[in-house]
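This briefing covers selected features of one protein chain. Please read it alongside the sequence and the 3D view.

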Amino acid sequence: MGSHDDLNSPSAGPAKTAPLERSVVLVGMMGVGKTSIGKRLAARLGCEFVDADEEIETAAGMTIAEIFEKFGEPYFRDGERRVVARLIEGEPKIIATGGGAFVNDATRALIRERALSIWLDADVHILADRVSRRNNRPLLKGRDPVEVLTELGRVRNPLYAEANIHIRSDASPHARTVENILKAISA
């Protein structure tokens with residue numbers, strides 16, 4: 001499990017999996033499909049799915065955009081680390097994180113120590129298309145998505161590469177990506 005697996009071929013059938021021994025944390029850029037894929041993966045594994053961003057918003061009583069605007073990114077990242085730590089504890093589950101969570105040194109160390117991390121990776125143009133469908137991304141406010149995602153990728157991709165498993169996501173249905181994840185965690 002410590003290797004970086006690139007899995008792109010479609011599945012010939014459902015992957016067989018053992019029960020999770022620890023939580024699986026999905027990391028990667030905004031728009032890669034962590035929430036959508038995470039929900040499908042949890043359903044396949046018969047475990048709980050939790051979106052860290054939703055948990056942060058619930059705990060703070062405001063949206064992530066509002067937290068960024070009112071308190072700034074460092075404040076948000078500290079809260080994000082605390083929420084991720086809480087989510088990792090207890091019964092193993094699938095956790096989708098925000099795009100910057102794994103970039104934070106303390107959060108990345110926590111995830112690497114206590115969970116199985118999976119980097120979902122996709123082409124910048126696929127990401128830009130997906131994030132352009134919604135206007136709730138603080139880092140994209142008033143900026144060109146391709147430009148921002150390219151800049152973020154230069155900084156974040158080497159850190160995402162520290163995840164236990166690397167899965168490419170493309171324009172194919174998320175079910176294919178889920179199958180690739182199931183194969184990787186069963187290996």
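T35 touches F49, D51 and A96, leaving aside residues up to four places away in sequence. This is a predicted model. The points below cover T35, an aromatic pair and helix α8.

**T35**
- T35 lies in helix α1.
- UniProt lists T35 under "binding site", in an unreviewed entry.
- T35 counts as partly exposed because its relative accessibility is 26%, and the partly exposed class runs between the cut-offs of 20% and 50%.

**Aromatic pairs**
- Three aromatic pairs are found in the structure.
- One of them joins W119 and Y160 in a tilted arrangement, with 5.9 Å centre to centre and 40° between the planes.
- This pair links distant parts of the chain, since W119 belongs to strand β4 and Y160 to helix α7 (residues 145-160), 41 residues apart.
- Both W119 and Y160 are buried.

**Helix α8**
- Helix α8 covers residues 174-186, 13 residues in total.
- From the first C-alpha to the last, α8 reaches 18 Å, close to the 18 Å expected at 1.5 Å a residue.
- The buried residues of α8 are H174, T177, V178, E179, N180, I181, L182, A184 and I185.
- An α-helix has 3.6 residues a turn, so residues three or four places apart point the same way.
- Two helices, α1 (34-45) and α6 (124-131), and two strands, β4 (116-121) and β5 (165-168), are packed against by the buried residues of α8.
- Helix α1, one of these partners, is also the helix that holds T35.
- Strand β4, another partner of α8, carries W119 of the tilted pair.

Conventions. Residues numbered from 1 in each chain as written. Predicted model: local features only at pLDDT ≥ 70, side-chain atom pairs only at ≥ 80, totals over all residues. Heavy atoms only, no water. Helix = DSSP H or I, 4+ residues; strand = E, 2+ residues; numbered from the N terminus. Expected span 1.5 Å × (residues − 1). Buried < 20%, exposed > 50% of the residue type's maximum accessible area, 1.4 Å probe, protein only. Contact = heavy atoms within 4.5 Å. UniProt positions renumbered as here; feature names shortened; annotations may be inferred. Phe/Tyr/Trp six-rings, centres within 6.5 Å; stacked < 30°, edge-to-face > 60°.
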